[in-house]
Amino acid sequence: MSVLYIALPLAILLGAVGLLACWFCIRTGQYDDLESPSVRILIDDQDQRRNAENEKASEPSGRSTEASD
Amino acid sequence: MGMVVRESHRPVVDRSPTAVRLDQVCAHCGLGITSATEGSWLGTRSTANNEGMESDLVFCCRGCAGAYALIHELGLDTFYSLRDQNASEVSPVRQRRRSQMLADLEGSGVPVEHFSDGTCRIRLAVDGLHCAACSWLIESVQPSVRGWKSGRVRMSDATLELIYDPDVVSPVEIADRIARLGYGLSPVDLEHEGAQGDREIQRGHWIGLASAAFLAANSMWIAISLYAGEASGMDPSHAIFLRWCGALLGLLSAIFPGRIFFRSAWESLRAGVPHVDVPVALGLAVGTVGSLVGAALGHGNVYFDSLASLVFLLRVGRYIQFRAQYRTGMSLAKLLRMNDSAAVRIREDGTRQAVPANRLRSNDVIEVLPCQVLPADGVVIEGTSVLQTALITGESRPVQAVVGTQVVGGTANMQSPLIVRVTAAGENSRVGKLQEMVRQATAQRTPLVQLADRIGGVFVMVVLGLACGTFLVWCALAGYVAATERTVALLTIACPCALALAAPLVITVALGRAAKEQIWIRDGGALERLAKPGVIWFDKTGTLTYGELQVIQWRGELELLSRVAALESHSEHPVGLAIIAHMQSVDPAWNANLHRVHDVEQRYGHGITGSVDGQRISIGSMQAKEERLPVDDTSHSLASQTISIQVEGKFCGALVLHDRQRPEAIGCLKDLRDRGWQIGLISGDSAELVDAMGATLREAGVPLVACLSQQSPEDKIKTVVDSKPTYGTTVMVGDGINDAAALAAADVGIAIRGGGEICLRDAPIYIPSHQLHSIVRLIDASRQTVRGIYRCFAVSLTYNAITLSLAMAGWIHPLVAALFMPLSGISVLAMALLAKTFPPQGNPGPPPRNPGPPQRKTG
């Protein structure tokens, strides 16, 4: 019995698992927007973190950053 | 305060009414300056002065002053003018209406998804979205709003997905926060836009591509090992196993990603219209069955790898074509969304509530403010005003509306608020019925067979015939095995993929170039159809003319005109708007505050009277028996409106107003005629106006095949359809809702930007700039495109003729054939990309941004 009979189907099966994962990603809409993600990676996450910190810092002091409108 | 620079780089200032001094605006961020901030940053102003900036600049904070100084230092001051130009400051009225709609999500028809932890998910439209920085700005606000869990902007359709906790924060609060950045959030009906359907199709394409690529790649390496095994002497049982594996993959490829070809082939067979997919499907079927037989018999080669890669290549072509059309459709959908479709409903208790126009019902009472478009049909129950009906009827003169007048949705209220009882909304309204008509016209349009499909069909029939012949002949001469081998070689090398790819590629390239020239083409087939001259029907109002009244003559003193304009600034009548626009063009520095105006009195139908700088001025239509006019009204007597000005009861001046013809119209029509097109005029306007226009055109040397007036939308469809057999290709160019059905019924409908966005949905070509010359460019490009397609076909057919005869003679081994196959594909690809569409010569540079009169303000 040659190893081919096991290896080949196994290889194709592994590939098919990848294909299924891809199918799932497409179905759940991860490929719907191809524009924003490509530019989003250029933006540092740091800003987000700082904002969160700002918010925490400003909240106890009566949320001075909130505009009073 | 005021010092805190948020993520937006805009200072958050106290905007309570008492603290804001409106005359002080920060030079960088444009926000009002509070007394508090002013006090602390007066020093900033003087520093700024020292750096050589203009002296009257004030800044709200050091951050802004620094940013300004930097921008100024780098010589990037254009930034400010560009910013102001693009700044879509969300108007307070609009924002309030939107807030009301957001407050009642159910009523506005926004689907809300509830999660188990009490949060909700909704998707809203964002306007003013331009680039990645915009989406970053919006998303960065999220952490600073309590209860707003997540916000993701999707650039492709300009929407924002919100997850929020309804107990802590409402969408209205989030929208208010984002509005302060200059972006408006509004409910959106994605289902209705067709975006959802398109997205499903796009997903289908992705999945098809992925699986086709997977199957093609795998069957290819199995094929390689088979060939290699043949050379090195593989164990026969292994060869059989590999063959079966390849066969399985190829079969899957034909069944899953390849099934779209079988389906469309089946549909085209049922409809009796030949389509390129018929031969493609036949080729696939024959190849698959043949290879299965080969695998089962255990001799002869199997060509599943070729089949799988053929399926993959074809799907790539399909995807490219779909993508181009999807993008155009998307930009259109976004544009249509801008057209605020909110209506103000008055409840029984007298409170007003904003609702999306498509949720109005009969017997609702609505308020229509000046400059708004009526959202539904109805009867006026309160108020008097003037309506601009040009979009619905094509009539260029405004119409009076008083209590009891039947009004039609889609007309614009020009003057004063109206309270209207809705009699028909949605599908039952006039606009709804027109849309239904458009749908019918689209469905009834005989589909023109695309060039590629015609040639492709013939090609594959020929190839199949040759394949059968080859098989039979070689069967008789050399037996079954050799016959199969040669037939497969022939089928492989003659793969129609070059043909199937050429046309979509050339058209896609052309679509992309057209979009750069501000011509949006949604249906690639339209480009092909424009290559053969036929007849072009032009709508008059708004297409060949500006669609708005303009002052073409003024007799009197300039000083008087200035006073007249000041008086007219109290009116929203189209005549008044035209006079003000004229005054502003004469003297750009003019403004209405130069004169003291009081006691303004408007009598509907009788003009406007008021006291300007102490003198009583009345403006009204010229009475027939009035004093002799000091205007030469010979040339425009029919199509124009004359207004007389009286000061203290004495006749002092006169104005002639006219819906002016676009200056480029005659040149454009002549160019079209030179290219062999017949030209016709088709309008809903009154006979005298249309005939006057026709006469002007004929005088200028543009022969018209017809000059039709008072055409209802039904008449327009009939005219357009009837002219098809006589003239061949029928093109309709129009801008209004009344043209929409005719645009859909014509072979090619070209919509020019007007206010009637409904017609844009159904016209395959849309020209958002008002450039009539784009039509000429389009027709030239269409010829070039078709020529490019023919060239690709010629190369690919020559190549095929040579290789086919070699294969039939048995000189090409199937393996060599498979190696040759991509050659024709690559050559076609190169030619398609190099094809000249929209040649640069004759391009008059970027068109002026706003060639027409000020755009009509709607909404």
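# Chain B in questions and answers

Of the 859 residues of chain B, 46% count as buried (20 or more other C-beta atoms within 10 Å of a residue's own, against 12 or fewer for exposed and values in between for partly exposed, with C-beta atoms placed from the backbone). The model is predicted: local features need pLDDT of at least 70 and side-chain atom pairs count only at pLDDT 80 or more, while totals for chains, interfaces and linings use all residues. Residues are numbered from 1 along each chain as its sequence is written, and chains are lettered from A and ligands numbered from 1 in the order in which they are written.

Me: How many helices and strands does the secondary structure of chain B come to?
Reply: Helices (H or I, at least four residues) and strands (E, at least two) are DSSP runs, numbered from the N terminus. On that basis, chain B comes to 29 helices and 29 strands.

Me: Which residues of strand E10 of chain B point to the buried face?
Reply: The side chains alternate along E10, which covers residues 365-368. B:Val365 and B:Glu367 point to one face and are not buried. The buried residues, on the other face, are B:Ile366 and B:Val368.

Me: Which residue of E16(B) is the bridge partner of B:Val368?
Reply: Two strands pair if DSSP finds at least two bridges between them. E10(B) and strand E16 (residues 418-424) pair in the antiparallel sense over four bridges. Within E16(B), the partner of B:Val368 is B:Leu418.

Me: Where is B:Asn363 found, and is this residue buried or exposed?
Reply: Phi of B:Asn363 is near 75 degrees, a positive value in a residue other than glycine. Most residues other than glycine have a negative phi. B:Asn363 lies in the loop between strand E9 (352-356) and E10 of chain B. Because 10 C-beta neighbours fall inside 10 Å, B:Asn363 counts as exposed.

Me: Why do E13 and E15 of chain B each have one side without a neighbour in the sheet?
Reply: Three strands form an open sheet in the order E13-E12-E15, with antiparallel pairing. Strand E13 (399-401) and strand E15 (412-413) of chain B each have a single partner strand, so one side of each is without a neighbour because both stand at the edges.

Me: Which residue of E15(B) stands opposite B:Leu387?
Reply: Strand E12 (residues 385-388) of chain B pairs with E15(B) in the antiparallel sense over two bridges. Opposite B:Leu387 stands B:Asn413.

Me: Which are the edge strands of the open sheet of seven strands in chain B?
Reply: The order of this sheet is E17-E29-E28-E27-E18-E25-E26, and its pairing is mixed. Each edge strand pairs on one side only; they are strand E17 (520-521) and E26 of chain B.

Me: Which residue of E26(B) stands opposite B:Ile682?
Reply: Strand E25 (residues 678-682) of chain B and E26(B) pair in the parallel sense over three bridges. Opposite B:Ile682 stands B:Leu708.

Me: In which loop is B:Gln710 found, and what is its exposure?
Reply: B:Gln710 has a positive phi of about 50 degrees although it is not a glycine. The loop in question runs between strand E26 (706-708) and helix H25 (713-727) of chain B. With 15 other C-beta atoms within 10 Å, B:Gln710 is partly exposed.
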